[in-house]
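Biologist: Could you take me closely through the charged side chains of this model and how they pair, and then set them in the context of the rest of the chain? I would like one connected account rather than a list.

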Amino acid sequence: MQTQEIKKIVLAYSGGLDTSAIIPWLKENYGCEVVAFVANVGQDPEDLVGVEGKALQSGASECHVVDLREEFISDYVYPVLQTGALYEGTYLLGTSMARPIIAKAQVELALKVGADALCHGATGKGNDQVRFESTYTALAPQLKVVAPWREWDLRSREALLDYLKERNIPTTASLEKIYSRDENAWHISTEGGVLESTWNASNKDCWVWTTDPLEAPDQPEQVSVKVEKGQVVAVNGEALSPFKCLEKLNVLGAKHGVGRIDIVENRLVGMKSRGCYETPGGTIMVNALRAVEQLVLDRDSFKWREQLGLEMSYVVYDGRWFTPLRKALQASSESLAEDVNGEVVLQLYKGQVTAIQKKSDNSLYSEEFATFGEDEVYDHSHAGGFIRLYSLSSRIRALKEQK
């Protein structure tokens, strides 16, 4: 450690066990001033109550709480949603999308207060260390980075609790909190505990936001969603900001058990991990956008949008937000979404979301052409020539083989 080079560190602080221990550890090992930075990205408001006092009690010289909720949904979630990105086919990237905006705001604060280093509480096993530090590098490469989990010898929850107890630093953490959770406006994730064995079924403690689909209302509920340029702009006829649209849909989705997944994913660092993710409002949004796309996008455009989504899922998951590639993918999806306007009625029932009505002024669906009844616009005889040309390469290959 070149401790003499660091005088002031800005720490991404949550008020939880890890970051509460990091503040005194930084002061002891680096002999520096620690400024705590708290990002409000829509986590439980209870987590923010008294967080400044907690940080100061732990030894921080200052604590800054920054409200990033609207920016998070409008500038990070919506662009990703527009591409259709799903990591490994199921994960709606809730943690992945939040990290770049948190790290960006942390960098901005560090530059404002004249810090010479940045610190995060991500472990050496996870993806978040890459996401935080890739953002730091892209935006302020001159700032040093401290990652305590890669340096200290505190290796367990018990060790962290003992460390704080020895220093008379209060904490609400306990050994009973066996699950690791990440929460923001878009989702909540749960890892650890019984989930560490893939043969254990998840139990009720693994789910926080959503009603068990088996216990959800016996009557389905319908919700109307308006889409403009590939973005949700209104719910049940009420125009709202992106964050407010999500808030409203979160309540409806959670009530009906919508948006639960229990998956094993491939982490960027090479290991697999299991998690239970809840994204109720986001799952409704995804279904609404896909329903409008079905009407508006032609076959090749839809295929390209799917490719954009696949590539964007890896870019976001891997922490490459502040890169030319992400900007290019986003620009392409924005171009495709120009005509993705419409309205969808979705039915919520026992964990399922089904688009049951959809319309768009830009719809390419033509009842005249698609009907199974008699029509006067489609000449069936034209199909023969199309098929002959479409399969011409196969015909030539077969003729050569026959010779």
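**Salt bridges and their surroundings**

Modeller: A search of the whole structure, which is a predicted model, finds 22 salt bridges. As a general matter, side chains of opposite charge can pair when their charged atoms come close.

One of these pairs is formed by Glu338 and Lys229, whose closest N and O atoms are 3.8 Å apart. Because Glu338 sits in the loop between α10 (324-336) and β13 (342-349), while Lys229 sits in the loop between β8 (221-228) and β9, the pair ties together parts that are 109 residues apart in sequence. Glu338 is partly exposed, with a relative accessible area of 41%, and Lys229 likewise counts as partly exposed, at 46% relative accessibility.

A salt bridge between strands is made by the side chains of Arg274 and Asp262, at 2.9 Å from N to O. Arg274 belongs to strand β12 (residues 272-278) and Asp262 to strand β11 (residues 260-266), so this pair ties together parts that are 12 residues apart in sequence. The two partners can be described by their accessibility: Arg274 counts as buried at 12%, whereas Asp262 is partly exposed, with a relative accessible area of 36%.

Between helices, Glu293 forms a salt bridge with Arg305, the closest N and O atoms being 3.1 Å apart. Glu293 lies in helix α8 (residues 280-296) and Arg305 in helix α9 (residues 299-317), so the pair ties together parts that are 12 residues apart in sequence. Glu293 is buried, and Arg305 is buried as well. Beyond such pairs, Arg99, Asp128, Arg131 and Asp182 are joined into one network by salt bridges that share partners.

Strand β9, which follows the loop that holds Lys229, also contains Gln231. This residue is partly exposed, with a relative accessible area of 28%. When its neighbours within four places in sequence are left aside, Gln231 is in contact with Tyr78, Gln82, Lys226 and Leu289. Of these partners, Gln82 is 149 residues away from Gln231 in sequence, yet the two C-alpha atoms are 6.7 Å apart in space.

On the other side of β9 (231-235), in the loop that leads to β10 (238-239), lies Asn236. The phi angle of Asn236 is near 50°, a positive value in a residue other than glycine, and the residue counts as partly exposed at 42% relative accessibility. A positive phi is also found at Glu88, where the angle is near 50° and the residue is again not glycine. Glu88 is placed in the loop between α3 (69-83) and α4 (94-113), and at 34% relative accessibility it counts as partly exposed.

There is also charge that gathers on the surface: Glu367, Glu368, Glu374 and Glu376 form a patch of negative charge there. Within this group, Glu368 lies in helix α11 and counts as exposed, with 53% relative accessibility. Helix α11 (residues 367-370) is also the place of Phe369, which is partly exposed at a relative accessible area of 48%. Phe369 belongs to a nonpolar patch on the surface together with Val377 and Tyr378, and the three have about 280 Å² of accessible area together. Helix α11 therefore contributes Glu368, at 53% relative accessibility, to the negative patch, and Phe369, at 48%, to the nonpolar one.

For the setting of these details, the chain as a whole has 13 helices and 14 strands, and its C-alpha atoms fill a box of roughly 85 × 55 × 45 Å along the principal axes. Buried residues make up 47% of the 403 residues, and the accessible surface comes to about 20400 Å², of which 50% belongs to carbon and sulfur atoms. Among contacts between residues at least 6 apart in sequence, 74% join residues at least 24 apart; the contact of Gln231 with Gln82, at a separation of 149 residues, can be read against that figure. As for charge over the whole chain, there are 43 positive and 57 negative charges, and their mean positions are 4 Å apart.

Conventions. Residues numbered from 1 in each chain as written. Predicted model: local features only at pLDDT ≥ 70, side-chain atom pairs only at ≥ 80, totals over all residues. Heavy atoms only, no water. Patch = residues over 30% accessible without salt bridge, like charges linked within 9 Å, V, L, I, M, F, W, Y side chains within 5 Å. Areas by Shrake-Rupley, 256 points an atom, 1.4 Å probe, with all protein chains shown as cover. Salt bridge = Lys/Arg side-chain N within 4 Å of Asp/Glu carboxyl O. Helix = DSSP H or I, 4+ residues; strand = E, 2+ residues; numbered from the N terminus. Buried < 20%, exposed > 50% of the residue type's maximum accessible area, 1.4 Å probe, protein only. Contact = heavy atoms within 4.5 Å. Lys, Arg positive; Asp, Glu negative; His and termini not counted. Charge placed at Lys NZ, Arg CZ, Asp CG, Glu CD.
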